[in-house]
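User: I've got this model open and would like a close look at one part of it, in plain bench language. Could you pick a stretch and walk me through what packs where?

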Amino acid sequence: MKVSTNSETKSFLSATNLADLIGTSLATVHKWGETGVYPYHQNENGKMGFYMEELTDIESIRKMKETRWEDELHATPLRDFTSVELFAGAGGLALGMQMAGFRHVLLNEMDAMACRTLRRNHPEWNVLEGDIHQIDFKPLRGCVDFLSGGFPCQAFSYAGKKGGLNDTRGTLFFELARAVSEIQPKVFLGENVKGLLSHENGRTLEVISNTIKELGYTLVKPRVLKGIMYQVPQKRERLILIAIRNDIYREGVRFKWPDPYHRVMTLRDAFYSGELYNNDVPASVGLQYPDKKAHIMSMVPEGGDWRDLPKNEQKEYMGGSYYLGGGKTGMARRLSMDEPSLTLTCAPAQKQTERCHPTETRPLTVREYARIQTFPDSWQFEGNLTNQYKQIGNAVPVNLSYAIGRSLIRLFNEIDAVHPEESRFEEAVNIARGMLPPELFTIDWNEVKNDYPNDIVINPIKKKKRSNISKLDDSKNVLICLVPDKYINPYTNQIAKVYFTGRKFPSTVALNRLYYFMPYTKGKGIRDLYQIKIARIASKHEFVDNADEKDFRLAFEIEFVTSLFEEYKPVKLRIWRTFTDTNLRAVMSL
């Protein structure tokens, strides 16, 4: 916000924003103003604060005034620098890195809705959906420049004494470290919550640092970056870990952290046309308060919380929490239009971390949430409302990622100046495509039924006859399918006569090659072998009484043959964790 005083335009900084920038309490900042440590001013909206030009002895303020942000915007890659991202979520980090100039060859994420979001917004990205523990990254060794990932911070075990790689086993950081070891990128980045710095009195970070050293990388001194310093209208802080491979670090190449933006962005910047966006925030879906809560929130002023309610309303709303210690300032919290948002959570209307719109009595909408995280308006989120809020709330702010990405591009340009290489982007993409599971496609089975009115005959069985293992043809193809718990009983008892698919089916499964079928029991695996008689289109109502008669599915008529194993054998379902198409020889080798 700009305030004109004596014909001189100065940059106004509210007391709250100054406290957030330098990491001190609001009470301390007020005291500075009241005692004259720094000149205190009131802007045209009646807010008390300071002119940034009068705070240049504070390092973070001086950096904002002397920033080279505009120059850094011109950083462009000398060649295609390849990237792999783990724990990709809804794409906040990946999008910022791409904006900076990185070319993604693979993104891994386990959450199905987040993967759908990534594919919807960037169909060209190779999105590997699934558990990172099951992924072999070695095929990408030597053709990926950069690896990144916001690994979830799980509890670390300190059973080992070295405090290195072995001490991280069982954590998702170990999986990031394994990917680094297998791929050997020139540089890798890990991001996490600020609290990781002090977790277990610093022991966790020590273990991570020792692991990085053991991998053959030099860790740049970790830094907590505040979103409000990087054109993000949100008080989100992220711990950033950057490590450079030792052979490169020895060449004298060093990483320089990004310069901050010259001012703090607010919700007004997020919701209205201006520096951040060319238009006001579009209308979108969002949660609504129940009448009782709406009544409470209507009494909270902009920037206020439960303490601004009448005393009786405070006690009723807070319940037992009213008598507990602590400020509890997240409860019944209404945001302020001229301040950045509080850190977004996975839901905007949780009682402990309320995020009420500044001027309307309602939670923030999905698009407002997305703008606070600096996603473009064109970025669409898949899933229901809960899924969308969760994806956005967990994301790295795009503009923060973009700023870090520009600094990394400058680093890679310096590396390439010392050791120039040809980009291996196309090669890496082809390798990554080979790592992706086959896709499932939604099929209009009703339309298929019209094309095949006499059923899809695969393997007609004329005589019902049980086989033994010695007479089985191990060259024949087997379709392994997950059977939901509610339908499992006939399969457990080896009397199942039919299996019907969901609305999606793997595009890579050739029906005319299928011969055997094996049901997969969740938590157990496979045991029993069936022979497929025919495949046909059938209404789900044929098998489930209350199902829609027009809900057509692909159905396999099956006949029990034998139990291949005395006990269930675990097996990986490779096609979206629902199907596996293989041959009987591979199954019997288990």
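What follows is a walk around strand β6 and its neighbours, with a few stops elsewhere for context.

Analyst: Happy to. Bear in mind that this is a predicted model.

Let's start with β6 itself, which spans residues 102–109. This strand is mostly covered, with 7 of its 8 residues buried. On one side, strand β5 (residues 81–86) runs parallel to β6, and 5 bridges join the two. If you want a landmark for that pairing, find E85, which stands opposite L107 in β6. To get from β5 to β6, the chain passes through helix α5 (residues 92–100), and this β-α-β crossover is right-handed.

β6 has another partner in strand β7 (residues 127–129): these two are also parallel, paired over 3 bridges. Here the landmark is E109, whose bridge partner in β7 is E129. Again there's a helix on the way: the chain leaves β6, goes through α6 (residues 112–121) and arrives at β7 in a right-handed β-α-β crossover. As a general point for reading strands like these, side chains in a regular strand alternate between the two faces of the sheet.

Now go back to α5, the helix between β5 and β6. Of its 9 residues, 7 are buried, so the rest of the structure largely encloses this helix. The buried ones are G92, L93, A94, L95, G96, M97 and A100. What do those buried residues pack against? The answer is β5, β6, β8, β9 (187–193) and α15 (398–418). So the list takes in both strands that α5 connects, β5 and β6.

The loops at either end of α5 have backbone details worth a look. In the loop between β5 and α5 you'll find F87. Its phi is near 50°, a positive value in a residue other than glycine. F87 counts as buried because its relative accessibility is 17%, and the cut-off for buried is under 20%. Just after α5 comes G101, which takes a positive phi of about 135°.

F102 belongs to β6, and its ring leads us to strand β8 (residues 146–149), where F146 sits. The two ring centres are 4.8 Å apart and the planes are at 25°, so the pair is stacked. The cut-off for stacking is planes under 30 degrees apart. In sequence F102 and F146 are 44 residues apart, and their pairing links distant parts of the chain. Both ends of this pair are covered: F102 is buried at a relative accessible area of 1%, and F146 is buried at 0%. For the wider picture, the count of aromatic pairs comes to 26. Elsewhere, ring pairs link Y491, Y499, F517, Y530 and F560 into a cluster.

Stay in β8 for a moment and look at S148. Is S148 buried or exposed? It counts as buried, at 1% relative accessibility. Leaving aside neighbours within four places in sequence, S148 is in contact with V84, E85, L86, L93 and L189. Two of those names have already come up: E85 is the residue opposite L107 in β6, and L93 is one of the buried residues of α5.

For context, here are some stops further along the chain. Helix α11 (residues 291–298) has K293, I296 and M297 as its buried residues. Looking down the axis of α11, these fall within an arc of 95°, so they line one face of the helix. Their cover includes α12 (311–318). In the loop between α12 and α13 (366–372) lies A332, with a phi near 50°, a positive value in a residue other than glycine. A332 counts as buried, at 0% relative accessibility.

Finally, there's an open sheet of 6 strands in the order β15-β19-β18-β17-β14-β20, with mixed pairing. Its edge strands are β15 (498–500) and β20 (579–583), each pairing on one side only. From one strand to the next, the twist averages 40°. Next to the β20 edge, strand β14 (residues 477–483) runs antiparallel to β20, joined by 5 bridges. C481 stands opposite F579 in β20, if you'd like a spot to zoom in on.

Notes: Residues are numbered from 1 along each chain as its sequence is written. This is a predicted model: local features need pLDDT of at least 70, side-chain atom pairs count only at pLDDT 80 or more; totals for chains, interfaces and linings use all residues. Side-chain values use heavy atoms; hydrogens and water are left out. Buried means under 20% relative accessible area, exposed over 50%, partly exposed in between (1.4 Å probe, protein chains only). Helices (H or I, at least four residues) and strands (E, at least two) are DSSP runs, numbered from the N terminus. The arc is that of the directions from the helix axis to the C-beta atoms. Contact means heavy atoms within 4.5 Å. Two strands pair if DSSP finds at least two bridges between them. A crossover is right-handed if, with the strands pointing away from the viewer, the path from the first strand over the helix to the second runs clockwise. Axes are lines fitted to C-alpha atoms, for helices over the stretch in contact, and angles run from 0 to 180 degrees between N-to-C directions. Rings of Phe, Tyr and Trp (its six-membered ring) pair if their centres lie within 6.5 Å; planes under 30 degrees apart count as stacked, over 60 as edge-to-face and the rest as tilted.
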